[in-house]
Amino acid sequence: MSKKMHIKLNVNGKDEEFLAEPRELLIYTLRERLNITGPHIGCETSHCGACTVTINGKSVKSCTMFVAQADGAAVTTIEGLGDPDNLHPLQEAFKEHHGLQCGYCTPGMITRATKLLEENPNPTEEEIRFGMAGNICRCTGYQNIVKSIQAAASEMNAAKEAAE
Amino acid sequence: MIPAAFEYYRPKDMAGVLAVLEEHGDDARVMAGGHSLIPMMKLRMADVPHLIDLQDVGGMSDIEVGTDMIRLGALVTQADIIDHAELSNAAPILREAALQIADPQVRYMGTVGGNVANGDPGNDMPGLTQCLNAIFTVVGPNGERDIPARAFYEAAYVTAREDEEVLTHVAIPMPNGGYAYEKQKRKIGDYATAAAAVQIVKDGGICVSASIAMTNLSDTPVYSEAAGEALLGTSVDAAALDASVAAMLGDIEPTEDNRGPVAFKNHVAGVILRRAILTAWSRA
């Protein structure tokens with residue numbers, strides 16, 4: 001066992017401080033240490049994207065980052081996007097357009113999609129499929145995920161225009 | 001999946017990095033985005049008792065597009081390459097290749113330096129940098145030295161970089177003419193079954209310069225000088241294409257693995273190179 005490090009993270013706007021071995025993977029920090037269980041463990045080999053979170057503005061697979069690397073970072077998970085009474089437009093759209101079946105991949109899907117729409121607020125179907133290629137779903141066949149993201153994009157763009 | 005324990009270092013400058021490397025020799029490894037090294041550590045195929053995270057070392061995240069040269073810091077990510085308009089304009093093959101590496105999440109983390117320094121035959125940037133005749137700068141206890149990409153790769157994971165050296169920059173002569181990076185892979189995120197980097201200059205309908213390198217078809221990337229020469233002085237007609245593909249097949253040494261037997265890999269390599277040459281020629 002290596003010596004523990006003093007780690008500081010900001011997760012969903014809340015400061016967290018704890019001691020951890022540097023080898024701890026961020027997904028375990030979130031799920032087991034901080035009880036933030038939205039990000040899921042699917043493959044644990046950087047392929048499936050179920051563990052996707054946003055770290056300092058980038059979509060990252062949290063199974064492929066040591067907690068030591070994230071020291072000082074701002075992390076956003078699905079829990080930081082909306083809550084049951086106030087869903088994020090992407091959460092609302094996935095619900096309305098059947099963008100999920102079993103739901104296991106959904107937190108990672110939606111977290112990744114927030115970043116995709118931030119970078120490209122008006123993506124084509126092809127751009128959505130390319131931009132979501134790091135997230136695997138074994139139920140939906142992706143069609144309704146694409147529809148949900150398109151619907152959320154329209155909704156978010158309309159809300160933005162109304163605000164301007 | 002829990003990797004073996006390690007000591008973690010996050011130095012603020014290169015002197016700090018080199019000090020750890022000098023003290024621990026090949027028990028220490030540097031890491032940029034970690035998307036090659038961390039999976040290997042999780043599988044316990046890589047044992048790294050002393051891990052040096054480069055993220056706080058300054059001066060290695062810039063993209064400089066000069067008149068004759070492009071200079072990329074080792075910590076420039078694939079996403080940085082894709083988003084950099086001036087770079088995409090100057091050397092579009094870099095963006096075309098970066099878009100075919102892994103998936104969006106991995107491209108935010110994966111770096112140029114990690115991709116070329118790791119020495120994994122499956123990585124795309126070694127072949128790409130060989131095609132572009134890039135120069136790698138490494139720094140060690142005796143200062144900096146430059147190593148051509150075409151002389152860097154010795155075997156799988158074995159390169160001309162010494163254990164106590166760190167790759168800091170990649171310099172690329174400004175490319176000319178038409179380009180293509182073509183890659184055949186089984187799925188998003190997979191390494192290439194075969195990939196080809198081609199840069200071609202056309203003058204009066206005749207090929208006057210051609211550079212060709214192949215990925216994941218030997219235990220190193222393969223710069224095929226003969227494949228390029230086969231196109232010189234031709235109008236890149238069917239005979240020239242056949243000659244170039246035949247020359248390339250003489251330079252690669254694929255082995256059977258879960259991407260297929262040798263005959264299949266040779267077949268795919270030929271298809272991909274043909275496609276890359278035709279695309280590059282049409283853009284030249």
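This tour moves from the interface of chain B and chain A to salt bridges within each chain of a predicted model.

**The interface**

Begin by selecting the residues of chain A and chain B that touch one another. The selection should hold 34 residues from chain A and 33 residues from chain B. Together the two chains bury about 2,600 Å², and carbon and sulfur atoms account for 60% of that area. Next, highlight M1(B), Q105(B) and Y108(B): these residues provide 26% of the area that chain B buries against chain A, more than any other three residues.

Now turn to the polar side of the interface. Between chain B and chain A, 15 residue pairs are in polar contact, with both residues at pLDDT 80 or more. Colour chain B by secondary structure to see which elements take part. At least two residues each come from β1 (7–9), α2 (37–42), β3 (50–53) and α6 (104–109) of chain B. Of these, α6(B) gives the largest share of the side that touches chain A, namely six residues. By residue class, that side of chain B comprises 19 nonpolar, eight charged and six polar residues.

Two salt bridges cross the interface of chain B and chain A. To view one of them, select E7(B) and K3(A), whose side chains meet with an N to O distance of 3.5 Å.

**Salt bridges within chain A**

Over all chains, the count is 20 salt bridges. In chain A, select E21(A) and R23(A), where the closest N and O atoms of the salt bridge are 3.1 Å apart. Is this pair buried or exposed? E21(A) is buried because its relative accessible area, 13%, is under 20%. R23(A) is likewise counted as buried, at 18% relative accessibility.

Proceed to helix α4 (residues 106–119) of chain A, which contains both K115(A) and E118(A), three residues apart, or about one turn of the helix. Their salt bridge brings the closest N and O atoms to 3.2 Å. A surface display separates the two partners: K115(A) is buried, with a relative accessible area of 8%, whereas E118(A) is exposed, with 58%.

**A network in chain B**

Finally, select R186(B) and D190(B), whose side chains form a salt bridge at 2.7 Å, N to O. D190(B) counts as buried at 8% relative accessibility, while R186(B) is partly exposed at 47%. Extend the selection to D257(B), R259(B) and K265(B): with R186(B) and D190(B), these residues are linked in a network of salt bridges.

Conventions. Residues are numbered from 1 along each chain as its sequence is written. Chains are lettered from A and ligands numbered from 1 in the order in which they are written. This is a predicted model: local features need pLDDT of at least 70, side-chain atom pairs count only at pLDDT 80 or more; totals for chains, interfaces and linings use all residues. Side-chain values use heavy atoms; hydrogens and water are left out. Contact means heavy atoms within 4.5 Å. Buried area is the accessible area (1.4 Å probe) that two parts lose on being put together, summed over both. A salt bridge is a side-chain nitrogen of Lys or Arg within 4 Å of a carboxyl oxygen of Asp or Glu. A polar contact is a pair of N or O atoms within 3.5 Å; within protein, one must be able to donate a hydrogen and the other to accept it, and residues adjacent in sequence count only if both atoms are side-chain atoms. Helices (H or I, at least four residues) and strands (E, at least two) are DSSP runs, numbered from the N terminus. Ala, Val, Leu, Ile, Met, Phe, Trp, Tyr, Cys and Pro count as nonpolar, Asp, Glu, Lys and Arg as charged, and the others, Gly among them, as polar. Buried means under 20% relative accessible area, exposed over 50%, partly exposed in between (1.4 Å probe, protein chains only).
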